[in-house]
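Visitor: I would like a close look at a single part of this model. Please keep the answer plain and give the cut-offs.

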Amino acid sequence: MYSIQIIDDDKNVLSALGDFFKEELYEVFQYESGEMALENLNQDLPNVILLDLKLPGLDGFSILEEIKKQNPEIQVIIITGTVDINTAVKAMKLGAMDYVTKPFNLDEVSVLVEKAVQTQQSFEHLALLRKKQEHSFSDIIGSSRAMKDVFSTIQQIALSSRTSVLITGETGTGKELVARAIHHSSDRSQKPFVEVNCSAFNENLLESELFGYEPGAFTGARTRKKGLLEMAHGGTFFLDEIGEMELSLQSKILKVIEEKSLRRIGGVKEINIDTRIISATSKDLIDEVSNNNFRKDLFYRLNVARVELPPLKNRDEDILQLAIHFIKQYNLEFKKNVTGLDTEVMNVLMRHDWPGNVRELRNVIERAMLYQKGQVLGLEDISIMNAPLKRIDTNENSDEIKQGRGIVTLDILSGEFSLVESEKSIYNKALEVSGGVQSKAADLLGISRQRINYKLKTLGLLGD
Ligand SMILES: Nc1ncnc2c1ncn2[C@@H]1O[C@H](COP(=O)(O)OP(=O)(O)OP(=O)(O)O)[C@@H](O)[C@H]1O
Ligand SMILES: [Mg+2]
């Protein structure tokens, strides 16, 4: 719904214009003085303003200047009693879009307002696009092949602002993070991102959260309440843990998606809803469909675009990068100055299979950062549930191990930090310590022989 501020001290003009635009389904704000209109400008956020030039107090020109200063995208149409070309020119110079002279014809005003809305929308669109470009997905870390695919998928999805998106992946793989990134990089980013976790409520509660209600809809419904879906109008609605939703509610959500409208519980009015639906689940919805726990038609509606987040254990290139990201983050939060992590810690991190994925890794680093005292995270700082913290090589006193231990640390604080260079130095060191024997170096790093061979090749450390 577009909104319009009408500013005129003539009550007749004010109500004639007000009634007309209300009928045309605009949200109308009427003011008899410019000062009052300005006071409410940021709250009303009108797309268009109809502004009389002769006003008590501040005159139209000053009001116009102030509006343009505060929000240059709002389009202002001047209403003037005098057909004076100088006045019109002055108003245009101050940024007015057009003007009408009294007495005016409502259809004429309506055409101008429509044009103004279009102009305002395209300005807003441009501003959003610019913002979108500034906002890369900088808080999603990952350089593995799998994550690169994820990035390009979400970039495409962000461009189509209506397409429903289903995000799947194990717990802790970053589904919520991705949902937010899609919203923030789409042209809905200035509008609300509203989320609901379907597993957090029982069915009745979830329904009233989603749809809202009218007074008397059920016992306890004393006042009117807007539902979350309604609050997401213009923006993005994130249905988390969609796999937990009961079948009967699934049908109601399907209806909202198909009809782009809803009724509050106990309400009769259809309320139009323009929102992008992003849903997420760690369940296999296809399984749920074949077990009759999930509606097939809803699945197809939600699964128009798909982002599949791979488990962390399948993207070990990302493990170190994420660990460093979290160390930097907790350095700031805990006011610490940890500059790196040593080889042994890297071994452990690379070997673990991370059932809790990125969330688990973050927690491990958080705990380590809380308690550690030195500059470098060592094995003694790390505790991972069910993870083998012993080195594979049981000969603790072997010279190789001693040399390999703790020598290579990542210097994460220098601005020059390069993961590739750091990885190269780790692999080089491991090779050096193992006398150039790949299998020994692999053991030292706690990775498989195939893996070390692959890494040495991709890092360019193997001669032909
Ligand atoms: N690629 C990533 N880069 C940086 N941080 C990440 C990444 N993936 C996940 N995280 C972080 O890990 C934590 C868990 O992520 P998130 O809550 O998005 O997971 P989820 O898939 O929604 O998990 P669940 O299914 O349990 O709800 C968050 O703190 C998030 O910021
Ligand atoms: Mg989640």
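Visitor: Along β7, which side chains point to one face and which to the other, and which are buried?

Guide: The model is predicted, and local features need pLDDT of at least 70, side-chain atom pairs count only at pLDDT 80 or more, and totals for chains, interfaces and linings use all residues. Residues are numbered from 1 along each chain as its sequence is written, while chains are lettered from A and ligands numbered from 1 in the order in which they are written.

The side chains of β7 alternate: V194 and V196 are buried and point to one face, whereas F193, E195 and N197 point to the other and are not buried. Buried means that 20 or more other C-beta atoms, placed from the backbone, lie within 10 Å of the residue's own; exposed means 12 or fewer, and partly exposed lies in between. Strands are DSSP runs of E with at least two residues, helices are runs of H or I with at least four, and both are numbered from the N terminus.

β7 pairs in the parallel sense with strand β10 (residues 236–240) over five bridges; two strands pair if DSSP finds at least two bridges between them. N197 has D240 as its bridge partner in β10.

Beyond this pair, the open sheet has five strands in the order β7-β10-β13-β6-β14, with parallel pairing. β7 (193–197) and β14 (305–309) are at the edges with a single partner strand each, so one side of each has no neighbour in the sheet. On average, neighbouring strands are turned by 15 degrees against each other, direction ignored; the axes are lines fitted to C-alpha atoms, and angles run from 0 to 180 degrees between N-to-C directions.

Helix α20 (residues 449–458) gives another case of burial by face, with I452, K455 and L456 buried. Seen down the axis of α20, these residues fall within an arc of 95 degrees, so they line one face of the helix; the arc is that of the directions from the helix axis to the C-beta atoms. Exposed residues Q450, Y454, K457 and T458 sit on the face turned away from the buried side of α20. Just after α20, G460 has a positive phi of about 70 degrees.
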